[in-house]
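Please look over the sequence and the model shown here before reading on. The report after them goes through the fold step by step, from the whole chain down to single residues.

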Amino acid sequence: MNVKKLSLALALLLCLGSAAFAGVTVSSPTNGATVTSPVKFVASATSSSKITGMKIYVDNVSVYSTTAASISTSIAMSQAKHNVVVQAWDSTGAVFKAPLTLTVSGTTPTPSPTPTPSPTPVPPLPAPPSTAVVHSNIDQLTGWESCTVCAGAGGNGPAATFSLVQNQASPSMDGKSAKFSISGTTPYSDALWWKQLGADSTKTNFKYDLYFYLTTPQNAQTLEFDANQGDGVHHFIYGTQCSIRNHKTWDTWDNATLSWKPTAVACAQPTAFVWHHLTWEFKRTATSTIFVGFTYDGVTHYINRTSSAKLQNLKEIDVAIQLDGNSTMQSYSMWVDKMTLTAW
């Protein structure tokens, strides 16, 4: 074999070898094993692109997730035969799976620890009264408004390319999600969409609830979820965002300083190809907004932060979505479903 052919052969072997290593490897337990609960899982994922998340599914139910490229955890499982899938995603959206069949025969006894006081559980956000007004499936309503320049700093930012396509069958939870998309060539340009729901100055409590889904969350700079109310004298801005690249926290809008204020709650890059559930609750006084708290993917956080309202002759209630582009303006989309605003 001449040198040129040998080089080509070696290159082909290296390429095939690299592709062969992409996937999920489960070190423990082995497929078909009989185990006791809790079951110790040790697994890792590899790809030519960065691994952005891993999950363990037991009988089609997600029981564990991480943004790392490896897993070492114990999962409590009932005595029965179970179908398990260890799944991973990389930054390109590629999905890797390792299916297992396990039989759980019993539980492993553990020594009784010294009793310690249980932490006080965080209660859910207060339930709205039966008299509350519910605006449901807002993502399906017509008449959404939008802009790009107005979404930037001081309402005069760079222009992005953006779109909204409603009634998406997939991905969707109810068969009619809304797809918000942003792209362009100018770094850190933004796009804002909002839907007016009618003015009502008597409402002082709001619950903003929605599900969102991304396939390339690594391209997002910030994801913003807002509600607004004007009573003819004050403009109450209930601005919230997941600051993925900057603060890496959940932030709230401070009207007094016209800036975002980080909370103590971290907001990591959302997992791709997963529906995330977000619920914010807001209150107001005659002159101030109050960020009561929020629940994200089943975990409740109380914020209890107050911000002064803006003096403005405006009468409205609306909800808004904003997508912020990153330093290289990589395009991305966010699907939103089951968007609801409850007011009382």
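What follows begins with the chain as a whole and then turns to its cores, its strands and a few chosen residues.

## The chain as a whole

The model described here is a predicted one, and its protein chain is made up of one helix and 24 strands. Of the 344 residues in the protein chain, 46% are buried. Contacts also link parts of the sequence that are far apart in number: among those in the protein chain between residues at least 6 apart in sequence, 67% join residues at least 24 apart.

## Two nonpolar cores

In soluble globular proteins, nonpolar side chains tend to be buried together. In this model the largest nonpolar core has 44 residues, and the members with the most contacts inside it are Y208, F212, L223, F225, W250 and I321. Strand β24, which covers residues 332-343, supplies the largest share of this core, namely six residues. Apart from this core lies another one, of 23 residues, which includes M77, V84, A88 and V104.

## Y208 in the largest core

Y208, one of the residues with the most contacts inside the largest core, has its place in strand β14, which spans residues 205-214. Is Y208 buried or exposed? Its relative accessible area is 2%, and because buried means under 20%, Y208 counts as buried.

Once residues up to four places away in sequence are set aside, Y208 touches F225, D226, L278, T279, W280, F282, V319, A320, I321, M339, T340 and L341. With A320 there is also a polar approach, since the backbone oxygen of A320 lies 3.2 Å from a polar atom of the side chain of Y208. Another residue distant in sequence is T342: the C-alpha atoms of Y208 and T342 are separated by 6.6 Å, although the two residues are 134 residues apart along the chain.

## Strand β23 and its partners

Strand β23 runs over residues 315-325, and ten of its eleven residues are buried, so this strand is largely enclosed by the rest of the structure. Two strands that pair with β23 can be followed in the model. Strand β13 (residues 190-196) is joined to β23 by seven bridges, and the two run antiparallel; within this pair, W194 stands opposite A320.

Strand β15 (residues 220-231) is also antiparallel to β23, and eleven bridges join the two. Here L223 has L323 as its bridge partner in β23, and L223 is also among the residues with the most contacts inside the largest nonpolar core.

## H82 and strand β7

Strand β7 covers residues 81-90 and contains H82. The strand is mostly covered, with seven of its ten residues buried, and it is joined by seven bridges to strand β4 (residues 51-58), the two running antiparallel. In this pairing, Y57 stands opposite V85 of β7.

H82 itself is buried, with a relative accessible area of 6%. Which side chain makes a polar contact with the side chain of H82? That side chain belongs to D59, at 2.7 Å, while the backbone oxygen of S78 lies 2.8 Å from a polar atom of the H82 side chain. Leaving aside neighbours within four places in sequence, H82 is in contact with V58, D59, M77, L100, T101, L102 and V104; of these residues, M77 and V104 are named among the members of the core of 23 residues.

## An open sheet of three strands

Three strands form an open sheet in the order β1-β3-β6, with antiparallel pairing. The edge strands are β1 (23-28) and β6 (70-75), each of which pairs on one side only, and from one strand to the next the twist averages 20 degrees. Six bridges join strand β3 (residues 39-46) to β6, and the bridge partner of A43 in β6 is I71.

## The salt bridge

How many salt bridges does the structure hold? It holds one, in which the side chains of D200 and K203 meet at 2.8 Å, N to O. The two residues fall into separate classes of exposure because buried means under 20% relative accessible area: D200, at 23%, is partly exposed, whereas K203, at 13%, is buried.

Notes
Residues are numbered from 1 along each chain as its sequence is written. This is a predicted model: local features need pLDDT of at least 70, side-chain atom pairs count only at pLDDT 80 or more; totals for chains, interfaces and linings use all residues. Side-chain values use heavy atoms; hydrogens and water are left out. A nonpolar core is a set of buried Ala, Val, Leu, Ile, Met, Phe, Trp, Tyr and Cys residues joined through side-chain atoms within 4.5 Å. Buried means under 20% relative accessible area, exposed over 50%, partly exposed in between (1.4 Å probe, protein chains only). Helices (H or I, at least four residues) and strands (E, at least two) are DSSP runs, numbered from the N terminus. Contact means heavy atoms within 4.5 Å. A salt bridge is a side-chain nitrogen of Lys or Arg within 4 Å of a carboxyl oxygen of Asp or Glu. A polar contact is a pair of N or O atoms within 3.5 Å; within protein, one must be able to donate a hydrogen and the other to accept it, and residues adjacent in sequence count only if both atoms are side-chain atoms. Two strands pair if DSSP finds at least two bridges between them. Axes are lines fitted to C-alpha atoms, for helices over the stretch in contact, and angles run from 0 to 180 degrees between N-to-C directions.
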